[in-house]
There are 2 protein chains.
Amino acid sequence: MDDEVRRHKYTLDEDQMPTAWYNIIPDLPAPPPPPLHPGTMEPVGPEDLAPLFPMALIEQEVSGERYIDIPGGVLDVYRQWRPTPLFRAHRLEQALGTPARIYYKYEGVSPAGSHKPNTAVPQAYYNKAEGVKKLTTETGAGQWGTALAFATALYDMECEVWQVGASYDAKPYRRLMIEAFGGQVHRSPSDLTEVGRMLGANPANESGSLGIAISEAVEVAAQNPDVRYALGSVLNHVLLHQTVIGEEALLQLEQAGDTPTLIVGCTGGGSNFAGLSFPFLREKMAGRISPWILAAEPASCPSLTHGTYAYDFGDTAGMTPLMKMHTLGHDFVPDPIHAGGLRYHGMAPLISHVYELGLMDAESVPQTECFAAAVQFARTEGIVPAPEPTHAIALAIREALKAKETGEETVILTALCGHGHFDLAAYDDYLNGRMVDEAVSDERFAAALATLPEVPVG
Amino acid sequence: MDDEVRRHKYTLDEDQMPTAWYNIIPDLPAPPPPPLHPGTMEPVGPEDLAPLFPMALIEQEVSGERYIDIPGGVLDVYRQWRPTPLFRAHRLEQALGTPARIYYKYEGVSPAGSHKPNTAVPQAYYNKAEGVKKLTTETGAGQWGTALAFATALYDMECEVWQVGASYDAKPYRRLMIEAFGGQVHRSPSDLTEVGRMLGANPANESGSLGIAISEAVEVAAQNPDVRYALGSVLNHVLLHQTVIGEEALLQLEQAGDTPTLIVGCTGGGSNFAGLSFPFLREKMAGRISPWILAAEPASCPSLTHGTYAYDFGDTAGMTPLMKMHTLGHDFVPDPIHAGGLRYHGMAPLISHVYELGLMDAESVPQTECFAAAVQFARTEGIVPAPEPTHAIALAIREALKAKETGEETVILTALCGHGHFDLAAYDDYLNGRMVDEAVSDERFAAALATLPEVPVG
């Protein structure tokens, strides 16, 4: 052991940080279906989105450019923690006894402890540039709310966050972190919004959901000209901002002299997964590499593996445009699992489209398998993962164990999108035998799907 | 803002990581006074320490070599997170409007979130090499316990931690993190040890102290041949291991083209402070640089500024050798401030010696000033500091504001030895007006000092 020099991390210099975001849309064999206005059923135009988003982000949302320059003011902030490290999981591999080589791209070194600042910072930047004074948003586990509170603090803006009730109750430290950055947090459903009061009256909504919290944040932004709304996932521009992850990982794997045969990331709204995989998908579509690209979703909220590909609302109250995506139905409320960031009824339309094009696969994982994987990971790699990426780690371990059977030298790249410092109550439950797997029933999924809005075939 | 390219972090390649620890003792104008056996009042020999520590660490404790090679097996683990980044606090400087340049060396990127793994890993490594099965230790805020649990997990050893009662109650997530790594945690004073039962019977000891927790951990280790004890600070070999921090910072400031005029770090037991400052002190003693070296201690437990330089026990029950150090008296129980890691009655004998030699200064800071500084730091730099390093940040800000008055281009280097993800209840108290400053009275300090052991002048 003393004589072995093995490399654990692959770092890049600041001047190797990507200076453009990658937009996958022009490289796809077909364009994704447009979002529709729920009143007219016509594709939404910039003017429909203007009450919620600044024009610069609306332009990115519909852009046909392959690369979009990252502004200097955003690069300046990125440079504090980017490029993030790519780790080789030597000790986990040893513990598994696998010939597979496992790499993980770690976004937990960011100020908010996750990949979320990659988009929070440009969103705050563009809003500030257009004179916006306050941003509203939803948050699940709290990583997105923390990231936006950090970003708005930098640009001297206000930040108001509706946090999903189940996470608000279970993870008080996340709220405190948001408050330390100067943000304001409400438990959702709240009585501060019309939609919160309406949905909160139904006891089934007591634990909240991302869909409900989005409705509340959207309502407040839509009613005030100085206020805009910021979304932490799902939309094209959010996925776009996250591609810095994959661009860096491409360079780092090159440094390591390795080519991935499997890329696996967890999917809630899909931004972390897209951020890691889209740049690799570009290389795959160009015929330069051929990794299997796999989404890991929670058994409790499996929009890709159990949902329908259809037009649906992004929020519970039906205030957003209709988006064609894999959905479990906009009023589906998933079990309050620990991976609060994955409790979203839908999937990013762009990922849904890529999935329909056959460019990727998905598998679902129950949460006890996730936490078994997480504890093994923590005790070998020394990082306690957030509950969300444990889904990807669990699938990485499944595949590494298959490689042990076959003897194949699989090269696995996974996204460790955040640390679990605010999620330790989940580890407590797991380690003390209090964690149960999600109750999943086809009937329940079918009932939620029955509420899908009717959209004329066009 | 868009056109400005300013560097936020200075990183080093893995091959620039120090491969030796720096031992300051041979460079000092006089050797530090030896620890004494409390029975014989003679200097302790290796055989006195053997029940508690492996021989390799005992040798390091008394070594006269300037440099001690870091074993390959330790470098292999260090390489996961080292070299750690040095940051330039551009945004904090702007907020203060100071001409001072402020740098902070950030150890929060380690698996345990602090500088503690720098010594936990070699301590576990050397114990493992000598066949030890289990390590016992104390922990205050929990950063040391987390680090040791991480390190023992890597080497497949057991870890049993006595956590100071006040911190155990206030910071449940720290315990959970230790458990996630596979360690076992007890609230101290506990009823598992003779000394815990004895001291726990006194209601004044209810909130515990590092001194009591040390006594408990030492008792268990001393009674079992397969078990050793690990200390997270104070001892020479612990300070030695931490010098990787300062060695890296020297290279990084060179990269930045800057020379520090002030080096400020917080002191509890002193290892973080020594780790940052000793390599710079070597350069200062050699006449190459001339920084002012300043320790920041809490007003509630000011061993350097209000203690006496005398022989005292390292623990409350008087089970350790007598060490000549700045002490408030071994049964002094500080107020339960949020910076649990600084609640130690004594100071590392080596730092005490350096202080007596006139090579450094110290100032104490009340905790509300610390948290005001911490919130300003978090909202500009994006990192929420642990309560301990907020003391150093507060003094850095004091000096940066002085520089604003004088116009001097002070260059400040401070140690951000850990993040505050497990300490957010303290921020909650501060932000909601519930934090009070420590009650400090000369009478109380004097009463504790009256219990110092009698040592024949030799």
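**Reading the A–B interface**

Tutor: Let's start with the headline: chain B and chain A bury about 4,500 Å² between them, and carbon and sulfur atoms give 53% of that area. Keep in mind that this is a predicted model.

Student: How many residues of each chain are in contact?

Tutor: On chain B, 55 residues are in contact with 55 residues of chain A.

Student: And how many salt bridges and polar contacts should I look for?

Tutor: For a salt bridge, look for a Lys or Arg side-chain nitrogen within 4 Å of an Asp or Glu carboxyl oxygen. Between chain B and chain A the count is four. One of them pairs K9(A) with E14(B), where the closest N and O atoms are 3.5 Å apart. As for polar contacts, 20 residue pairs make them across the two chains, with both partners at pLDDT 80 or more.

Student: Which elements of chain B give two or more residues to the side that touches chain A?

Tutor: Helices 3 (72-78), 6 (143-154), 8 (172-180), 15 (367-381) and 17 (424-431) of chain B do. Helix 8 of chain B gives the largest share, seven residues. Sorted by class, this side of chain B has 30 nonpolar, 16 charged and nine polar residues.

Student: Now a single residue. Is L281(A) buried or exposed?

Tutor: The idea is to check relative accessible area: under 20% counts as buried. L281(A) comes in at 2%, so it is buried. This residue lies in helix 12 (residues 271-285) of chain A.

Student: What does L281(A) touch, leaving out residues up to four places away in sequence?

Tutor: I24(A), I293(A), V354(A) and L359(A).

Key. Residues are numbered from 1 along each chain as its sequence is written. Chains are lettered from A and ligands numbered from 1 in the order in which they are written. This is a predicted model: local features need pLDDT of at least 70, side-chain atom pairs count only at pLDDT 80 or more; totals for chains, interfaces and linings use all residues. Side-chain values use heavy atoms; hydrogens and water are left out. Contact means heavy atoms within 4.5 Å. Buried area is the accessible area (1.4 Å probe) that two parts lose on being put together, summed over both. A polar contact is a pair of N or O atoms within 3.5 Å; within protein, one must be able to donate a hydrogen and the other to accept it, and residues adjacent in sequence count only if both atoms are side-chain atoms. Helices (H or I, at least four residues) and strands (E, at least two) are DSSP runs, numbered from the N terminus. Ala, Val, Leu, Ile, Met, Phe, Trp, Tyr, Cys and Pro count as nonpolar, Asp, Glu, Lys and Arg as charged, and the others, Gly among them, as polar. Buried means under 20% relative accessible area, exposed over 50%, partly exposed in between (1.4 Å probe, protein chains only).
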